[in-house]
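Reader: I have a structure to study and some basic questions about it. Can we go through them one by one?

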Number of protein chains: 2
Amino acid sequence: MKKNVLIIGAGGVAQVAAHKCAQHNDILGRIALASRTLSKCEAIATSVKEKGSMKVEGDIQCYALDALDIEATIALIRETQSQIVINLGSAFVNMSVLSACIATGAAYLDTAIHEDPAKICETPPWYGNYEWKRQAACAEAKTTAILGVGFDPGVVNAYAKLAADEYFDQIDSIDIIDINAGQHGRYFATNFDPEINFREFTGRVWSWQNRQWVQNQMFEHKRTDDLPVVGTQTSYMTGHDEIHSLSKNLDVPNIRFWMGFGEHYINVFTVLKNLGLLSEQPVVTAEGQEVVPLKVVKAVLPDPGSLAPDYTGKTCIGDLVKGSKDGQAREVFIYNVADHKDAYNEVGSQGISYTAGVPPVAAALLVAQGIWDVEKMVNVEELPPQPFLHLLNQMGLPTCIRDEQGERPLDFSAQAAHF
Amino acid sequence: MKKNVLIIGAGGVAQVAAHKCAQHNDILGRIALASRTLSKCEAIATSVKEKGSMKVEGDIQCYALDALDIEATIALIRETQSQIVINLGSAFVNMSVLSACIATGAAYLDTAIHEDPAKICETPPWYGNYEWKRQAACAEAKTTAILGVGFDPGVVNAYAKLAADEYFDQIDSIDIIDINAGQHGRYFATNFDPEINFREFTGRVWSWQNRQWVQNQMFEHKRTDDLPVVGTQTSYMTGHDEIHSLSKNLDVPNIRFWMGFGEHYINVFTVLKNLGLLSEQPVVTAEGQEVVPLKVVKAVLPDPGSLAPDYTGKTCIGDLVKGSKDGQAREVFIYNVADHKDAYNEVGSQGISYTAGVPPVAAALLVAQGIWDVEKMVNVEELPPQPFLHLLNQMGLPTCIRDEQGERPLDFSAQAAHF
């Protein structure tokens, strides 16, 4: 049983998490919010107050923090008596925040893999380069560390585990499909930090095929699916975090990730990439100034948080699983559909932030209640999926399934009661 | 009679000018080359030596110079005893170099209009914002200042004056058409300084129509012409320097400039412009670094000089003039065709640099010989065109004409002999 949550980061996902923590502060206790820029934390705290999100009396304490500073992070965890840290800061701070959690015994949750600012798309499995090197340290310190517990990675890992447990005897392939069928009305924008967004696509595309790592180029392979609610959608094979743990933890020979892109996105991306403007390596201007092009692209693009008020339409993210059950070939799509406008009305953020920000709070609730407080480092598919998906059903991210019997919501209340 | 030339700038155009000055150093005397980066000057001097371009014994003296520093520029003009300054530096240094020429009595030649780094596309006529404010000062000091004496502006102004003098009683319209039908084999590159290139197209498009300034958007109007050598080509109405002097100095109600762009160029330009990456106004990165996006775009694009070895194909630039002569409506196209590979073989630069770099040296020869040494500030159409075009015929940029009698070279040797 743990309580008091420290959220690190103050972007769109942190805003969702803050609202969701507030809605469950009877279980989670005090909420603290820390990022480099104090004013961004304060804006979130104000939003939570304005929406009346607090379930029981309480407020959000805001702090300025450089999360690369391990000692400062340790001090803040202690000062706020936080036993759960939800790391929603940039992908570059995971290892330092994790160190602070190991030092203090606080549970560690994040939603994306650690990255070295100077490196793009390292050797698979990605978790092996950073996070998994701390498995022994977590086990020794009895530190609960749940890696990648956003939507994808995160919920889709739970879908994969659910499929393996409940719907298949043997799985041949898991294709994770992520479609944003929303419109933000801008010329171009990314749905989360442009720097992290583009870094996902500028390197090689790693997939797990025939139990081996396979390399492709971005936009080399595409598929078109007729999906629930969002209809016919084209997606492209993309490298993504969850492949790097599912390939180790599940006995599945083919695991691929597919992200939907419109032609306009691909055109803008292709121009920027070919010009070298998505590079994480510094260039020198004629005036002698050293600049990382990708950081300038980030600076000129809309703040993803600013898209929320005008965002309409829906997302559909799920696992298309093929294999066999009781000797019969079958195909199951386990998925969620989220609505941008609903997300904005509830927590002031768009749907992409919503799908990423709700799951780590569900995970925090399971840690707080001892259900997922495993005192070691795990990826989501190593944990029982039912209580997590049950909570998400209640928290705004319901799970649906499409199989031989058609499309329908999945109810986990019975299974969740086991835990 | 003036001699000894100081070339300011060390880009592709300066390289051409250095070679061409060397080829005529019997008349021009000593040659000095100055830019911010000494090593770029030295590379040009080496190239001139390797090609054996010097007509009589001599070499190129190289200097590091910040051409915004008027006192340093005055000192260098005096030290090198230069009586002619060819300013091929960035568009931001015109006024300071002109000041140094007025102070020393050296003749001033440039190829592009002065720009304030912080302003894009000012109010027409552009020359009125900066250069023409110094007309009285030039007249008083008897300083010869020939503005915009590259190809366009420059040679096309001489074509316009020639048309008015020789081919028409009355001109209804001059459409200057600039087509580069060459291929450089890169994903994307500009043919001269990307910063200056993009600045031409990010603002309003000013044209002179019905004796008034008219504003349009870039890529709003296009035309397709069947042109000599380069064939059918689409070009877009673009703002350009020469309109801003021709509209004042010639009695022509319609003067427009059209530049050829491929669909790929337009796509890249449109993406960069819409994202804000062509802005001359600084942005601040998440890390707090202040950066001008356009300068970063410049930093990632190929150095235009580096394109030369692989450049193939031809340029066609000319004036399509419509009006009447002896009561008959007529249409005349006066033009030049240049070849990228020929330019590279002769002076180590591509054709765009060649067309811009040869004319100011022709002008310098006319100043040196007293033919264009007018001791005041002028635009090219205020000077007799024949000796200039005659010299260009000999120096590698022959003038051709297409009219009722078909396409043919124009010979100016008879008229030029008058001067």
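Reader: Is Cys21(A) buried or exposed?

Author: Keep in mind that this model is predicted. The cut-off for buried is under 20% relative accessible area. Cys21(A) has a relative accessible area of 0%, so Cys21(A) is buried.

Reader: How far away is the nearest cysteine sulfur to Cys21(A)?

Author: Start with the total: the count of disulfides over all chains is zero. Cys21(A) is in no disulfide. The nearest cysteine sulfur belongs to Cys62(A), and the distance is 13 Å.

Reader: Why is there no bond between the sulfur of Cys138(B) and the closest cysteine sulfur?

Author: A disulfide needs two cysteine sulfur atoms within 2.5 Å. The closest cysteine sulfur to that of Cys138(B) is in Cys101(B). That is too far for a bond, because the distance is 8.7 Å.

Reader: And what is the relative accessibility of Cys138(B)?

Author: Buried means under 20%. Cys138(B) counts as buried, because its relative accessibility is 0%.

Reader: How many residues of helix H9 of chain B are buried?

Author: Helix H9 of chain B covers residues 194–202. Among its buried residues are Pro194(B), Phe198(B) and Phe201(B). The charged-class names Glu195(B), Arg199(B) and Glu200(B) are on the buried list too. The helix is largely enclosed by the rest of the structure, because the buried count is nine of the nine.

Reader: Which elements do the buried residues of H9(B) pack against?

Author: The partners are in chain B. One of them is a strand, covering 254–260. The full set is strand E12, H11 and H12.

Reader: Which residue caps the N-terminal end of H9(B)?

Author: Look at the backbone nitrogen of Glu195(B). A side-chain oxygen lies 2.9 Å from that nitrogen. The oxygen belongs to the capping residue, Asp193(B).

Reader: Now the two chains. What area do chain B and chain A bury between them?

Author: The contact involves 29 residues of chain B and 29 residues of chain A. Of the buried area, 69% is on carbon and sulfur atoms. The area itself is about 2300 Å².

Reader: Which three residues supply 24% of the area that chain B buries against chain A?

Author: No other three residues of chain B supply more of that area. They are Tyr187(B), Leu275(B) and Val300(B).

Reader: Which residue of chain A meets Lys295(B) in a salt bridge?

Author: The rule finds two salt bridges across this interface. In the one with Lys295(B), the distance from N to O is 2.9 Å. The partner is Glu287(A).

Methods. Residues are numbered from 1 along each chain as its sequence is written. Chains are lettered from A and ligands numbered from 1 in the order in which they are written. This is a predicted model: local features need pLDDT of at least 70, side-chain atom pairs count only at pLDDT 80 or more; totals for chains, interfaces and linings use all residues. Side-chain values use heavy atoms; hydrogens and water are left out. Contact means heavy atoms within 4.5 Å. Buried area is the accessible area (1.4 Å probe) that two parts lose on being put together, summed over both. A salt bridge is a side-chain nitrogen of Lys or Arg within 4 Å of a carboxyl oxygen of Asp or Glu. Buried means under 20% relative accessible area, exposed over 50%, partly exposed in between (1.4 Å probe, protein chains only). Helices (H or I, at least four residues) and strands (E, at least two) are DSSP runs, numbered from the N terminus. A polar contact is a pair of N or O atoms within 3.5 Å; within protein, one must be able to donate a hydrogen and the other to accept it, and residues adjacent in sequence count only if both atoms are side-chain atoms.
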